[in-house]
Amino acid sequence: MTDPNRTQMLPTDPNRTVMTLAPTANVTQTLQPVQCPVCKTFNGPGMVYCIECGLIFSMSDALPDDAFGAPAVRLPCLVDESGREQHLRPGDNLVGREGDILLMDAKVSRKHAVIRMEGSSVFVKDLGSTNGTTVRGEKLAPDAEIELMAGDRVEFGGVGLTLSLPGESAATQIPVSSKTQSIAAPPTVDASRATLEIDGEPFPLKPGSNTLGRKDSNDIVISDPYVSGSHATIEVTESEILLTDVGSTNGTMLNGARMVPNEPVRINPDDEIMIGAKTLRIRLKE
């Protein structure tokens, strides 16, 4: 006979809902960075859009509210001649015409090298590439691994990238030539012949290239979650002004039509430019 005062073990019913306890405030929660599925940038916990390309994450991709105030995660990156950053993730990063860091150059092998990030250290190893890998001017032997330091220039075939590590200046420095440049005459200040208006607020345009985007390293910073870190450029010459979308995630609209990436278009004062939710117009000085 069954004793009614005795605790009974019930068989597990696979269709029965099982109630579990939620984490309590006394349990330390691990906050993980959110990786962008487009540009592979790691973003801080709670971010709802990518700090590099502006992609809007679904709420399932990010922790809500970031109530713990975790700082943004900044990982080492490789910087090309134009200043574009290729972020490194922990572990192995394959470099080549195929892999994690894509270098679409004929002198780069399909699987050219591996950059390994272990803790705060970064290493590079050539995978027996056709044209080799050079670090600080010295060519690596195949399968030889060497540790990289901040500011080291690495050449994969004929493509040069510079390592930027956390703790350096927040603005990425574009590599420059090591040759001493002579100045024929003292520099002069060029008066701006054009102004960019963003929602009615004027921003002077300097002669030459003016970069636009959400990152602080741009000439004109546009604080809008739909704007990419490096979104577009405006080229000011004596005869014309050219606008180029540099492959932004959400695109650039010119007079209601989406611009083709990386194709410069001549801009007139009456043209309406849309970047994210911002309206831009060019104003020429009389």
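Select methionine 149 and aspartate 152: the backbone nitrogen of methionine 149 lies 2.7 Å from a polar atom of the aspartate 152 side chain. The model is predicted, and this tour starts from that pair.

**Stop 1: around aspartate 152**

Aspartate 152 sits in the loop between β11 (145-148) and β12. Its relative accessibility is 8%, so aspartate 152 counts as buried. Display its contacts next. Not counting residues up to four places away in sequence, aspartate 152 touches Arg136, Glu147, Leu161, Thr162 and Leu163.

**Stop 2: strand β12 and its partners**

Move on to β12, residues 153-156. Colour the strand by side-chain burial. In a regular strand the side chains alternate between the two faces of the sheet. In β12, Val154 and Phe156 make up the covered face, while Arg153 and Glu155 make up the uncovered one.

Now add strand β9, residues 133-135, which pairs with β12 in the antiparallel sense over 3 bridges. To find one of the bridges, select threonine 133, whose bridge partner in β12 is phenylalanine 156.

Then add strand β13, residues 159-164. β12 and β13 run antiparallel and are joined by 4 bridges. Here glutamate 155 has glycine 160 of β13 as its bridge partner. The hairpin of β12 and β13 has 2 residues between the strands, and glycine 157 takes a positive phi near 65° there.

**Stop 3: the nonpolar cores**

Keep Phe156 selected. Phe156 belongs to the largest nonpolar core, which has 22 residues. Which residues of this core touch the most other members? They are Leu88, Leu103, Ile115, Val122, Val124 and Phe156. The elements giving two or more residues to this core are β7 (113-118), β8, β12 and β13.

Centre on leucine 88 and hide its neighbours within four places in sequence. What remains in contact with leucine 88 is Leu75, Pro76, Cys77, Leu78, Asn93, Ile101, Ile115, Met117, Val122 and Leu163. A second, separate core has 20 residues, including Ala194, Leu205, Ile275 and Leu280.

**Stop 4: the six-stranded sheet**

Select the strands β15, β14, β24, β23, β20 and β21, which form an open sheet of 6 strands in the order β15-β14-β24-β23-β20-β21, with antiparallel pairing. At the edges stand β15 (201-205) and β21 (257-258); each has a single partner strand, so one side of each is left without a neighbour in the sheet.

Within this sheet, look at β14 (residues 194-198) and β24 (residues 278-284), which pair in the antiparallel sense over 5 bridges. Threonine 195 has arginine 283 of β24 as its bridge partner.

**Stop 5: proline 225**

Proline 225 lies in the loop between β17 (220-221) and β18 (232-236). Its relative accessibility is 31%, so proline 225 counts as partly exposed. Add isoleucine 51: the two residues are 174 apart in sequence, yet their C-alpha atoms are 8.2 Å apart in space.

**Stop 6: confidence**

Finally, colour by pLDDT. The protein averages 77, and 70% of the residues score at least 70. Among the elements, strand β8 (residues 121-126) has the highest mean pLDDT, 94, and strand β2 (residues 42-43) the lowest, 76.

Two segments are worth selecting by number. Over residues 168-178 pLDDT stays under 50, and the model has 18 contacts beyond four places in sequence for this segment. Over residues 186-190 pLDDT also stays under 50, and the model has 1 contact beyond four places in sequence for them.

Definitions and conventions
Residues numbered from 1 in each chain as written. Predicted model: local features only at pLDDT ≥ 70, side-chain atom pairs only at ≥ 80, totals over all residues. Heavy atoms only, no water. Buried < 20%, exposed > 50% of the residue type's maximum accessible area, 1.4 Å probe, protein only. Pairing = 2+ DSSP bridges. pLDDT = per-residue confidence, 0-100. Contact = heavy atoms within 4.5 Å. Core = buried A, V, L, I, M, F, W, Y, C linked by side-chain atoms within 4.5 Å. Polar contact = N/O pair within 3.5 Å; in protein donor to acceptor, adjacent residues only side chain to side chain.
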